[in-house]
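Q: Please take a close look at a single part of this model, one strand and the strands beside it, and then place that part in its wider setting.

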Amino acid sequence: MTISTISAISAMRQSTLQTLGLGTALEIFRNGRLPASARDLVDEVFGKVGDRGALVISGANGIVGAGKAMQLGSRLEPFGVPILALDFPGASDGMGRHYPGLAKTFGREGAARIMENIIRMSYNGLCLPQQLKGLKPRFLLEAIPEILDAKKAHYKLFRSAFPELEIRSVTSGFPSSELGVGIAHPAFPHEISKIWEMVESNPSSLIPHPSPIPRLFWALGMIPVPVSDNWSFVLDVLFCGATLAALRYHQASNMPYWKIDKYFRKLLGANPFRAHDAIGAKGANFLTWSCLHHLKRQYGALFEPNADLNERKDTGQEYYPLNHFRPLVNWSFGRDEEEDFKIRILGPLFQMTSLILHEKRSHLAHVNAIGELCAQFRRGILAVIRGAGYEAAMKIVKDYHKLHPQAKKCWYPEAFEQIGTPEWQQLYVNAEHNGRAGIITVSRESYNSDVDAELNRAIDWLAGENIERVIITGDFHLSTQMVGADTADFYPALSDVKEGLRISGDWSRTARRLHDDFKVSVGFIGGKRCFGGFLELLMHCHYLVSVEEAGLGMPEVTLPVVPGMEGCHWPFRKTAPEKWPGLLRLLLSGSPVRAKEAVGRLVDYAGPIDKCLQTAWKIVTGADHNVARRKVKEAALKKLPKDLALPDSENNAVEAGRKAIFECIQASCAATSSEALLIQAKHSAGFMASPACRTGRIGAELKKTMEV
Amino acid sequence: MPIQKIMFPRARIPYGTWGSSYFPAWQASPLAEVNIGQFAAEAMNKVLGIRKVPKTELDYLITGSTIPWHWKFWNSPMLASCLGRRVPGCHLEQACATGLKAVTLAAAEVESGSKDVVGVLTFDRTSDSPAGVFPERRAYRRTEALSDVWDNFGFDPATGKAMIACAGNAARKYKLERKEVDELSLHRHEQYYKAQAAGFLKKVLVPFEVLDVQGRVMGVIDSDIGAARPTLRGLRALREIDTCVTGGTQTHPSDGMACLLVATSEKARELSRRPEIDIQFVAETEARTHPSLMPEAPAIAVKELLRRTGLAIKDISVVKSHNPFAINDAVFAKELKYDWHKMNRTGCSLVWGHPQGPTLTRLLIEGLEESADMGGGYVLLMGCAAGDVGIAALLRVG
């Protein structure tokens with residue numbers, strides 16, 4: 001692998017934070033604070049207190065505008081930034097529909113506060129309301145319909161009244177060069193999704209942006225993703241492209257949309273037709289058509305909307321039948337048909353990805369994450385291509401061209417020739433070091449075999465660089481929490497004990513490397529929560545540092561599964577016997593605890609974020625830190641509590657999981673640490689193949705997703 | 001002998017674009033529990049998919065059924081929507097002649113030049129047939145209720161007799177013997193099972209998994225449930241309901257669908273799975289016989305058809321009949337001096353049941369497939385229909 005060197009920091013690949021101008025993860029620890037503060041950036045964008053201006057959202061009652069009014073409104077209200085919600089007088093109340101969700105999240109008082117901070121204004125599209133000036137608009141988020149001339153006229157109107165106004169369009173397709181303003185394209189569902197594709201005035205995704213907007217969004221807890229200034233950016237090439245591929249399959253096979261969705265979900269995780277209906281068929285079909293229509297003009301037949309989409313764009317018809325016409329006739333594939341389906345879906349998607357890479361539309365980790373975070377892909381598109389391998393990916397595209405020869409234009413096979421580079425190989429895990437201390441960052445919220453393989457490569461790389469001290473953490477960007485194992489990886493284990501053994505064994509061995517391969521290792525939890533497999537992984541570090549409010553838990557029992565990464569004995573080996581009942585309760589109840597309540601049991605230090613960053617850095621650099629290292633007892637543990645100490649669950653599956661976890665704890669703790677890995681793996685694998693697991697949540701997911 | 005005049009010279013049936021469900025006996029399968037119109041439309045879409053015909057090829061949809069079904073008011077356009085292709089269409093109903101009449105209408109539509117590809121979708125569900133309530137001010141009861149299938153079978157308003165009575169009448173008129181009718185029925189069953197064993201049925205019949213409201217598989221329609229292999233001894237032992245009519249020599253009600261396409265000759269070549277096979281409409285006719293003699297009506301229609309075309313029965317290579325009573329075939333054989341052993345070589349409605357609307361469509365598909373297997377020739381299709389009607393058609397497979 002090649003090593004890039006940035007500011008005396010060596011890294012496997014560029015950090016995604018760098019694309020936002022926020023430096024590297026190592027710098028965050030070295031500086032002992034986060035690289036941007038929301039307060040400073042709010043001051044920069046909206047003016048300081050006393051001169052605070054407003055955020056204007058135009059088209060505020062539309063699907064995007066209303067969702068973003070809620071999301072940005074809730075984040076800017078504490079800073080006293082009013083939201084000016086602009087729409088036509090006759091627009092239906094899109095924002096009001098969000099109130100119940102807002103109240104659920106922030107409580108009635110919080111929701112009322114947020115809504116009170118939203119000032120609704122009507123305008124006729126030709127001139128701005130008089131009152132607007134008095135509220136000092138500083139930032140316009142334009143969310144009006146995807147009509148180029150209308151958008152341009154809208155900007156002109158605002159620019160003439162407010163020449164200094166920052167403007168961003170939520171457009172899903174038009175590039176900045178067409179619109180004349182920057183892009184902040186959000187992903188659905190707009191009130192929840194934190195992802196924004198952003199095109200700034202200096203539209204190179206790999207150069208830090210001078211504009212404060214992406215950094216403001218980051219500081220407000222969202223996930224801005226810089227993309228280059230090309231039609232439909234990344235997300236809508238993938239999302240609209242996936243929809244088009246599915247529509248073309250429908251045309252070729254007559255298979256109903258609902259069934260194509262099921263096979264699509266089995267293949268990639270997404271269900272494009274359901275997504276369109278859920279977003280709102282009329283608007284979503286128009287947007288998809290609009291993106292494809294413009295992409296077709298730029299790139300040719302690969303993106304050409306078919307007749308079906310043309311019709312739906314005009315009619316707003318939903319893809320799924322109405323309730324009284326729920327499907328009666330099932331469809332299923334033979335092996336040949338499934339292969340044909342794969343070619344017709346993956347072929348165009350792979351080719352579209354080659355275009356994205358050819359045009360350097362974004363950092364590869366971004367391209368990959370966008371599929372997962374915004375388009376429901378089980379694995380990002382680059383991980384899918386990487387998993388298929390260069391030869392197979394090429395063959396799929398070539399086979400697709402036999403079916404659709406007109407699509408051959410804009411196929412860039414050379415983009416896949418880089419598949420062996422760190423940019424391709426480290427989509428989820430990066431490593432950096434400064435010659436003394438290393439940082440491993442994980443940008444995926446759930447642990448899967450891709451992360452496992454990449455983590456091993458990162459550990460190997462650091463070892464090759466003679467780094468003996470390491471912090472492992474989320475990436476401060478794409479991953480805002482650590483939710484545990486990706487249970488989709490368990491599907492094969494539900495019918496094959498060997499698969500369960502392999503997963504549990506492999507992942508546990510990776511986790512042990514954090515303990516065995518480094519002189520000092522520090523697990524760092526900087527997000528809202530760390531659960532299950534990720535907590536097991538980080539507990540293997542010599543030290544675990546967490547922000548105090550983070551939720552920590554082992555929810556496996558609720559699925560149910562038996563923790564497979566040594567969660568049933570490793571924490572006991574690091575903890576004094578008087579704290580074992582607490583550990584037992586954590587494992588058997590599945591209820592999380594706050595990090596600050598788990599010091600000495602799960603974590604070694606908990607505090608505010610800056611203190612945590614500083615403490616972790618002190619530990620890893622060998623400075624004075626006053627955090628005691630808890631040693632792992634190698635010998636068998638004695639006198640473990642024999643009583644579950646919990647009331648019986650009414651849920652039979654939970655009860656079965658509890659019993660199995662309890663047995664696993666007893667068996668693995670009664671062995672030496674060396675023996676326990678395999679014992680735990682056997683218990684975990686055995687339970688995964690049991691009826692209790694197969695009929696539990698993972699079994700249900702498997703059935704829903706894979707048994708089409 | 002060359003035909004002087006072809007009825008629809010432009011219209012063709014594209015070979016192999018057809019399909020039928022199995023016809024499970026009434027109340028015996030998940031079809032008893034579904035909106036049969038919706039099922040049929042979704043099934044046709046799947047048939048077209050299996051036959052590699054994009055449904056976007058359809059210009060028009062002619063549907064045919066005889067038993068009311070939920071949302072029947074919306075008829076063909078609604079079924080086209082269920083099929084996934086929003087084309088116009090119309091609905092046709094003429095008792096058991098429906099299947100063939102719908103095909104003829106489709107051919108006329110193509111012939112007229114207004115459409116290039118017309119779908120024919122026929123179906124019926126005899127199970128749980130709906131009951132109609134009719135205000136009848138002059139009736140003694142003021143309001144009449146009628147169970148659509150059962151009550152119509154049991155009462156021909158034109159004669160005041162049950163439909164089964166016409167079979168006995170015909171048997172007596174033609175002096176048929178029970179022994180021959182039993183043997184004929186046995187032979188028909190043997191023909192069906194022989195065709196099944198040879199894999200013939202799989203060429204025309206498509207199995208369907210039927211889903212419940214939660215999307216779970218409720219059952220699979222993959223056999224003609226109700227068809228049962230009789231023995232001669234068993235047939236002879238059955239109680240005679242009317243002359244030569246027993247439970248073994250008459251059909252049973254069933255549920256199902258059958259569909260095909262009619263297209264211009266250019267389009268037919270494009271859509272056909274074997275473009276070298278050319279299927280043309282030669283002639284079609286209908287006849288009506290005396291009251292309560294329905295089983296002889298098809299023979300009368302065939303005679304008329306042969307007279308019009310100038311063909312003789314010996315010129316026909318495949319003869320298929322809708323025979324709710326074995327008597328039908330025996331009468332036909334007597335009238336046309338034809339050996340009934342040579343008819344219905346791959347099965348018939350006497351064996352696999354009678355869902356009315358799609359019965360003649362399935363018979364037609366089977367006849368065309370059989371003819372294609374034989375290298376072509378004339379296919380004669382006939383059947384009786386309520387009202388003492390007979391319908392017959394000639395197609396040429398070249």
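A: What follows describes one strand of chain A, then a sheet in the chain, and then the contacts of chain B.

The model is predicted. The strand to look at is β11 of chain A, residues 429-433. This strand is mostly covered, with five of its five residues buried. To count as buried, a residue needs 20 or more other C-beta atoms within 10 Å of its own. The cover is found on both faces of β11(A). Val429(A), Ala431(A) and His433(A) lie on one side, Asn430(A) and Glu432(A) lie on the other, and all are buried.

β11(A) has pairing partners. One of them is strand β2 of chain A, residues 9-11, which runs antiparallel to β11(A) and is joined to it by two bridges. In this pairing, Ser10(A) stands opposite His433(A). Another partner is strand β12 of chain A, residues 437-442, which is also antiparallel to β11(A) and pairs with it over five bridges. His433(A) appears here too, with Gly438(A) as its bridge partner in β12(A). Three residues separate β11(A) from β12(A), and the two strands form a hairpin. In the turn, Gly435(A) has a positive phi of about 100°.

Chain A also has an open sheet of eight strands, in the order β5-β4-β3-β6-β7-β8-β9-β10, with mixed pairing. Its edge strands, β5 (118-122) and β10 (223-226) of chain A, each pair on one side only. From one strand to the next, the twist averages 25°. Within chain A, strands β3 (residues 54-58) and β4 (residues 83-87) run parallel and are joined by four bridges. Ile57(A) has Ala85(A) as its bridge partner in β4(A).

The wider setting includes chain B. The contact between the chains takes 14 residues from chain A and 21 residues from chain B. On the chain B side, the elements that give two or more residues are α1 (36-50) and β8 (208-211). The largest share, eight residues, comes from α1(B). By class, this side has eleven nonpolar, six polar and four charged residues.

Chain B itself is divided into domain 1 (8-127 + 200-234 + 249-271) and domain 2 (157-192 + 280-397). The C-alpha centres of these two domains of chain B lie 21 Å apart. In their contact, 49 residues of domain 1 of chain B meet 46 residues of domain 2 of chain B. On the domain 1 side, α3(B) gives the largest share, seven residues.

Conventions. Residues are numbered from 1 along each chain as its sequence is written. Chains are lettered from A and ligands numbered from 1 in the order in which they are written. This is a predicted model: local features need pLDDT of at least 70, side-chain atom pairs count only at pLDDT 80 or more; totals for chains, interfaces and linings use all residues. Two residues are in contact if their C-beta atoms, placed from the backbone, lie within 7 Å. Ala, Val, Leu, Ile, Met, Phe, Trp, Tyr, Cys and Pro count as nonpolar, Asp, Glu, Lys and Arg as charged, and the others, Gly among them, as polar. Domain bounds come from an automatic or database domain assignment. Two strands pair if DSSP finds at least two bridges between them. Axes are lines fitted to C-alpha atoms, for helices over the stretch in contact, and angles run from 0 to 180 degrees between N-to-C directions. A residue is buried if 20 or more other C-beta atoms lie within 10 Å of its own, exposed if 12 or fewer, and partly exposed in between; C-beta atoms are placed from the backbone.
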